[in-house]
Amino acid sequence: MQPTAREVAEALWLAQHLVVSPLTTDDRPVEQPAVSPTDASAAAASFGSPIQSPPVSLATAASAAGIPLRGHPVRVPALPGLSRRREVLRALRPLRRRGPSRHRSTLDEDATATFIAHTGVRAPLLRPEPERWFDVVLAIDAAPAMRLWHPLIKDLHSVLTRSGAFRDIQTWWLTTTTDHVAVRPRPRAAARSHRELIDPTRRRLFLVITDGAADAWHDGTARATVTDWARTGPVAVLHTLPEAMWSRTGLPCLPARLSTRATGAPNTTWQVTYRRRRPTSHTPVPILSAEPTAFAAWARLIAGPTIGLPLAVVAPPPASRVPPQASESSQVMAGFLANASPAAHQLAICLSAAPLTLPIMRLVQHLVVPTAATSALAEVILGGLLIQTGDETYAFPPDIHQALHNQLRPSEKLLVHTAVTDYIAHHTEAPQATFPAVAGMDGPIEIRAEPFATLSREVTAGLGVPPTAVSPNEGPPQDDGNGDAPLSPQTATTPPQPTAKSLMATDPEAGPGTDEPQPARTVPLYFFLSYARGDEDALVQRFYEDLSAEVRLIAGLPRDEQVGFVDRTILFGERWPQRLVEALGSCRSFLALMTPRYFQSEACGQEWQLFADRIAQFDSQRSVDTSLLKPLMWIPARPGRIHPVAQPLQYSSNSLGELYQRLGVRQLMRMQRHHDDYRTFLFELANQIVSGAEAYPLPEHHRPIDLATVASAFHQGPTTGPPGRVATDGADTTSPMLVHFIVAAADRDEMRGVRQDVTGYGDDPLQWAPYRPPMPEPLGNYAREIAANHSYRSTVVHMDQLPRSAELAARYNQILVLIVDAWLTRLPHQRQALINLATILRGADAVTAVLIPASRDDLETREHWRSLSRACREIFDELASDDELYRSNILTHRAFKEELPEVLEVARNRLYRSRSPSQRPRKELSQDHDVSVAGEPEEL
């Protein structure tokens with residue numbers, strides 16, 4: 001646009017006279033900065049209690065840039081290479097075809113009987129045995145840059161194996177010479193001709209995996225090999241880079257529509273229609289991305305016949321290509337900045353603060369720059385910024401490293417360290433992938449290494465470090481004054497000293513897992529903040545910090561004194577239930593942020609009950625103000641939605657302000673125009689907390705308590721009960737979308753007949769906790785809490801009550817989830833009971849899922865798992881054929897937490913597709929229930 005002189009003059013005049021209104025009068029909510037888990041954890045560590053034992057550094061082998069380190073070799077959790085593997089498995093289902101075998105035969109009984117009857121000759125007649133139709137060859141580009149994609153290739157091989165669609169899966173490596181491409185069964189094996197892989201029966205698929213960056217793809221050498229394979233069987237290219245980058249590689253693409261007439265037809269027989277392009281004699285080779293939709297289209301194309309299937313195909317080779325020339329570092333940097341995406345640029349800056357090994361680079365890309373896909377890391381590697389120093393190690397040239405490091409803020413450098421630390425701490429149980437590292441403790445090996453994470457002793461014990469190993473004196477990352485915080489506390493010379501600022505003063509000789517009584521705090525813990533996890537955690541964290549500041553001001557305490565507790569202050573790797581119990585036993589008041597999900601949470605009900613028991617015990621000795629237990633409205637409460645336990649204590653004092661009672665705490669924080677009212681609310685609340693703590697000093701309790709045995713204040717009856725008792729979360733058992741959890745387990749005494757390790761069993765079958773000791777909570781209660789966190793209401797019953805639950809589920813469009821202990825198949829009467837349950841479920845018109853846990857820490861179960869799993873599949877024959885609703889071999893409670901929401905989502909979708917809307921039952925139908933119900937039905 002070219003403005004005229006008059007338009008420019010008018011714009012300048014308007015700029016001089018334009019008045020900008022202040023933002024404080026705007027009624028729009030204040031935008032809160034996004035807080036990543038790593039930011040939150042770093043902030044939590046700033047006001048939480050210090051680590052009770054010296055932290056341990058994790059380091060990776062490095063070049064001369066590293067420091068000498070003596071430690072224990074460990075395997076550290078890494079990122080999985082292929083995401084959404086379950087969807088990829090489903091996408092490959094069209095390839096599960098069978099055909100006559102070329103090598104194996106079986107007796108044809110009907111033909112043999114007919115032959116003998118007609119001829120009198122007793123001779124057997126054979127027929128080919130059915131076998132899987134296809135086998136597949138994974139042809140992997142052996143270029144050095146492809147090492148980045150080895151985790152993807154490994155996971156893809158695993159998915160193809162699990163799919164059950166292929167007779168055989170072969171892995172070959174494509175290596176280029178001066179004029180042709182050779183294949184090798186291993187990267188360093190002897191080269192062979194690519195024609196050795198051709199199957200004369202044309203029942204072999206070829207999947208070429210490459211990033212298209214090698215010279216062989218640009219000059220047409222690799223294309224000739226792919227075209228040769230395409231004459232004998234279906235060939236496709238799996239491009240590891242995103243589609244937006246394909247045009248910058250040797251494999252540009254064209255949109256096309258493909259049609260096939262037969263199963264497994266070679267590419268040369270396909271009919272191809274290009275968009276806005278004349279037909280050519282070029283052999284169509286489809287290009288796939290590593291996404292389920294691409295695999296689904298490829299599977300449909302191979303299974304055939306198909307008409308007009310849209311897929312991208314490799315474009316004809318360009319006429320010529322100018323080979324890249326060596327450039328100075330400044331030119332390389334300028335070229336990278338000109339072509340790289342913003343995410344790749346930010347990733348390169350963050351990588352300047354991390355050891356440059358592929359597993360750690362992938363972690364930094366995924367955690368610190370979450371908007372960047374793995375392709376951003378490929379941009380950095382292929383952009384010429386890095387020099388490869390080993391099989392999986394890289395380095396920046398000094399001037400490029402300095403240029404990137406100058407753009408790195410100190411907070412970003414600390415963020416790199418904390419993000420990697422948090423990921424490892426959360427994924428030590430049953431990781432999908434691992435990479436080697438060294439734990440910086442007195443160990444058998446000594447290498448030059450670069451630290452990249454700092455963990456507690458309990459986490460490193462989970463990685464395999466002996467508990468008797470001695471850790472050097474280390475401290476948290478410190479700033480050297482120049483804005484460069486080290487990635488590891490390796491350079492620290494003294495360990496952190498216990499202070500009165502911690503929740504409980506600790507003995508320096510005691511580890512974080514000690515159960516010994518700890519000395520009391522010199523300053524009381526004024527309040528405990530209880531909330532439902534997932535209810536805007538970042539905003540809750542801000543409220544906690546604001547309230548703590550007001551309490552410190554009124555109590556006259558230093559600015560860094562800890563006066564409250566919220567469970568986000570717990571450091572990764574520590575035993576949080578014990579820390580939580582200690583805080584509940586020492587706090588002077590209890591604040592509950594009331595939301596609809598708060599009263600559905602089992603854990604929140606247990607926290608409430610523990611503090612209420614303290615008040616009841618203190619009240620028996622002297623009069624106590626019940627306002628020490630303060631329910632606060634996080635959002636305005638709808639009529640009838642406050643739990644009966646909280647109604648008598650609802651904290652609606654006029655001193656907290658009229659706006660609070662009308663809007664709740666959340667809206668006071670979010671609305672800019674209510675900033676002054678929010679500060680007034682904080683001051684009044686903090687003043688009442690300090691006054692109540694001084695007037696009614698509750699005695700501290702330090703007795704050990706198992707949270708699994710504490711009843712929830714919000715749920716009727718104990719958390720576990722005798723067989724047949726129904727545990728509900730206030731749900732109406734006639735409402736649609738209710739989940740019935742059926743626990744098929746036995747008690748401890750009964751299981752002693754078939755098992756030696758009965759630590760996971762209780763006096764009651766509903767107390768079965770297969771993931772004990774990491775997760776001591778009964779599995780039924782754990783499942784109900786997971787369901788509540790995903791907005792499902794639920795009941796938990798023993799398997800004796802399944803007929804009634806199945807009747808309710810069929811009548812009111814509800815979901816059945818059967819949680820089975822596989823060891824029941826070893827008890828004759830329990831096995832027969834399971835068979836009866838399976839018969840009932842087959843005849844019931846209800847959506848049913850079956851979950852079979854198998855803790856990886858239960859060595860006895862792992863030893864017998866093959867026979868136990870086979871017995872379960874025999875009993876649940878029809879249900880076991882449903883891969884989406886039958887989940888077996890669930891190794892950890894974290895895996896159970898991931899599997900259950902997926903199962904509930906699948907079951908809900910099936911209900912929506914196959915059922916009519918549930919009608920409200922007539923009054924006479926609701927009176928014949930033999931199920932105890934707590935509370936009123938939730939409004940829809």
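1. A residue counts as buried when its relative accessible area is under 20%. Arg804 has a relative accessible area of 13%, so Arg804 is buried. The model in which this holds is a predicted one. Arg804 sits in helix α23, which covers residues 802-812. The side chain of Arg804 makes a polar contact of 2.9 Å with the side chain of Glu807.

2. On the chain as a whole: it has 940 residues, and 50% of them count as buried. The secondary structure comprises 27 helices and 27 strands. The accessible surface is about 44000 Å², and carbon and sulfur atoms contribute 52% of that area. Among contacts in the chain with a separation of 6 or more, 78% are between residues 24 or more positions apart.

3. Helix α25 runs over residues 859-875 and has 17 residues. From the first C-alpha to the last, α25 reaches 24 Å, close to the 24 Å expected at 1.5 Å a residue. A bend of about 70 degrees is nevertheless assigned to α25 at Trp865. The end-to-end span and the bend should be read together when inspecting this helix.

4. Trp865, the site of the bend, is also one of the buried residues of α25. The others are Glu860, Thr861, Leu868, Ser869, Ala871, Cys872 and Ile875. The buried residues of α25 pack against two helices, α24 (828-843) and α26 (877-880), and two strands, β26 (847-853) and β27 (886-890).

5. The structure contains 11 aromatic pairs. One of them joins Trp133 and Phe134, with ring centres 6.4 Å apart and 75 degrees between the planes, an edge-to-face arrangement. Trp133 is partly exposed, at 24% relative accessibility, whereas Phe134 is buried, at 1%.

6. Phe543 and Trp634 also form a pair: their ring centres are 6.3 Å apart and their planes lie at 65 degrees, so this pair is edge-to-face. Phe543 belongs to helix α16 (residues 537-555), while Trp634 is in the loop between β21 (629-633) and α19 (658-670), so the pair ties together parts that are 91 residues apart in sequence. Phe543 is buried, with a relative accessible area of 0%. Trp634 is buried as well, at 2% relative accessibility.

7. A further aromatic feature is a cluster, made up of Phe528, Phe565, Phe590, Trp608 and Phe611.

Key:
Residues numbered from 1 in each chain as written. Predicted model: local features only at pLDDT ≥ 70, side-chain atom pairs only at ≥ 80, totals over all residues. Heavy atoms only, no water. Helix = DSSP H or I, 4+ residues; strand = E, 2+ residues; numbered from the N terminus. Buried < 20%, exposed > 50% of the residue type's maximum accessible area, 1.4 Å probe, protein only. Polar contact = N/O pair within 3.5 Å; in protein donor to acceptor, adjacent residues only side chain to side chain. Contact = heavy atoms within 4.5 Å. Areas by Shrake-Rupley, 256 points an atom, 1.4 Å probe, with all protein chains shown as cover. Expected span 1.5 Å × (residues − 1). Bend = angle between axes of the 7 residues up to and from the residue. Phe/Tyr/Trp six-rings, centres within 6.5 Å; stacked < 30°, edge-to-face > 60°.
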